[in-house]
Amino acid sequence: MALISLRISDEVAAEFSALAATQGGKSARLRRLIADALAAPEPRMLALPVGRPEKVTVRFRESEMRQLAEVSHQRGMTRTGWIVALVRSRLGSPVQHSPEEHDELRAIVRELNRIGGNINQIARAANASVLQGRVVEPVLAVIRETKLVIETELVQLRNALNGNADYWEGRR
């Protein structure tokens, strides 16, 4: 019989042991989890494309070519890029982003990184004040402003991701 081992934190191990104690023990619970995973339906395709790219030739009517040019232009993509993204989205590949969406997501990530830096500076200043024996008086206006910026960026991020998923899944 084969042995599978893994490392987990002490806290997770304790929680799993407590759960498994009511279900025949750790080994029995793990065997059931593995059996359930193997019985689960397989995904339609691999999540990430593998292998060398190969060429596929597809023929469209003149009116379809105009439509393809229009929809791909609206997404900021080439016709070929749009067709590839559409096919990959239907095959279960990760979400496809247009160049414009990619730029928007990068801007959101940059803004969230700046906010993280600001929060670190606030925490350092507060810790330094405590170490020097001074009472920390947080600037509530700065904290409220930071919270508002974070909420705004998260809404933009959600909208971008949901809009993209809706587009490629044909809901929009």
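This report describes the helices, salt bridges, surface patch and second largest pocket of a predicted protein model.

## Overall architecture

The model is a predicted one, and the protein comprises 172 residues, of which 16% count as buried. Its secondary structure consists of six helices and zero strands. Read from the N terminus, the order of elements is α-α-α-α-α-α.

## Salt bridges within helices

Two salt bridges are found when the whole structure is searched. One of them joins Arg66 to Glu62, with 3.0 Å between the closest N and O atoms. Both residues belong to helix H3, which covers residues 62-74. Because Arg66 and Glu62 are four residues apart in this helix, about one helical turn separates them. Arg66 and Glu62 are each exposed.

A salt bridge is also formed by Arg114 and Glu111, whose closest N and O atoms lie 2.7 Å apart. These two residues are found in helix H5, residues 99-131. Their spacing of three residues in the helix means that Arg114 and Glu111 are likewise about one helical turn apart. Arg114 has a relative accessible area of 48% and is therefore partly exposed. Glu111 is also classed as partly exposed, because its relative accessibility is 23%.

## A buried residue of helix H5

Helix H5 also contains Ile115. Is Ile115 buried or exposed? With a relative accessibility of 6%, Ile115 counts as buried, since the class is reserved for values under 20%.

Ile115 can further be described by its position relative to Ile150. The two residues are 35 residues apart along the chain, and their C-alpha atoms are separated by 7.5 Å.

## A nonpolar surface patch

On the surface, a nonpolar patch is formed by Ile4, Ile34 and Leu38. Together, these three residues present about 350 Å² of accessible area. Ile34 is located in helix H2, which spans residues 26-39. Its relative accessibility is 41%, so Ile34 counts as partly exposed; that class lies between 20% and 50%.

## The second largest pocket

The second largest pocket holds about 320 Å³ of space. Which residues line the second largest pocket? Its lining is made up of Met1, Ala2, Leu3, Ile4, Leu6, Ser27, Leu30, Arg31 and Ile34. Grouped by class, the lining has seven nonpolar residues, one polar residue and one charged residue.

Two members of the nonpolar patch, Ile4 and Ile34, also appear in the lining of this pocket. Ile34 thus links three parts of the description: Ile34 sits in helix H2, contributes to the surface patch and lines the second largest pocket.

Technical notes:
Residues are numbered from 1 along each chain as its sequence is written. This is a predicted model: local features need pLDDT of at least 70, side-chain atom pairs count only at pLDDT 80 or more; totals for chains, interfaces and linings use all residues. Side-chain values use heavy atoms; hydrogens and water are left out. Patches are made of residues with over 30% relative accessible area and no salt bridge: like charges are joined within 9 Å, nonpolar side chains (Val, Leu, Ile, Met, Phe, Trp, Tyr) within 5 Å. Accessible areas come from the Shrake-Rupley method with a 1.4 Å probe; for residues, only the protein chains shown count as cover. A salt bridge is a side-chain nitrogen of Lys or Arg within 4 Å of a carboxyl oxygen of Asp or Glu. Buried means under 20% relative accessible area, exposed over 50%, partly exposed in between (1.4 Å probe, protein chains only). On a 1 Å grid over the protein atoms alone, a cavity is a set of points where a 1.4 Å probe fits but cannot get out, and a pocket is an open set with protein on both sides within 12 Å along at least five of seven lines; lining residues have an atom within 4 Å of a point. Grid points are joined across faces, edges and corners, and a volume is the space filled by probe spheres set on the points. Ala, Val, Leu, Ile, Met, Phe, Trp, Tyr, Cys and Pro count as nonpolar, Asp, Glu, Lys and Arg as charged, and the others, Gly among them, as polar.
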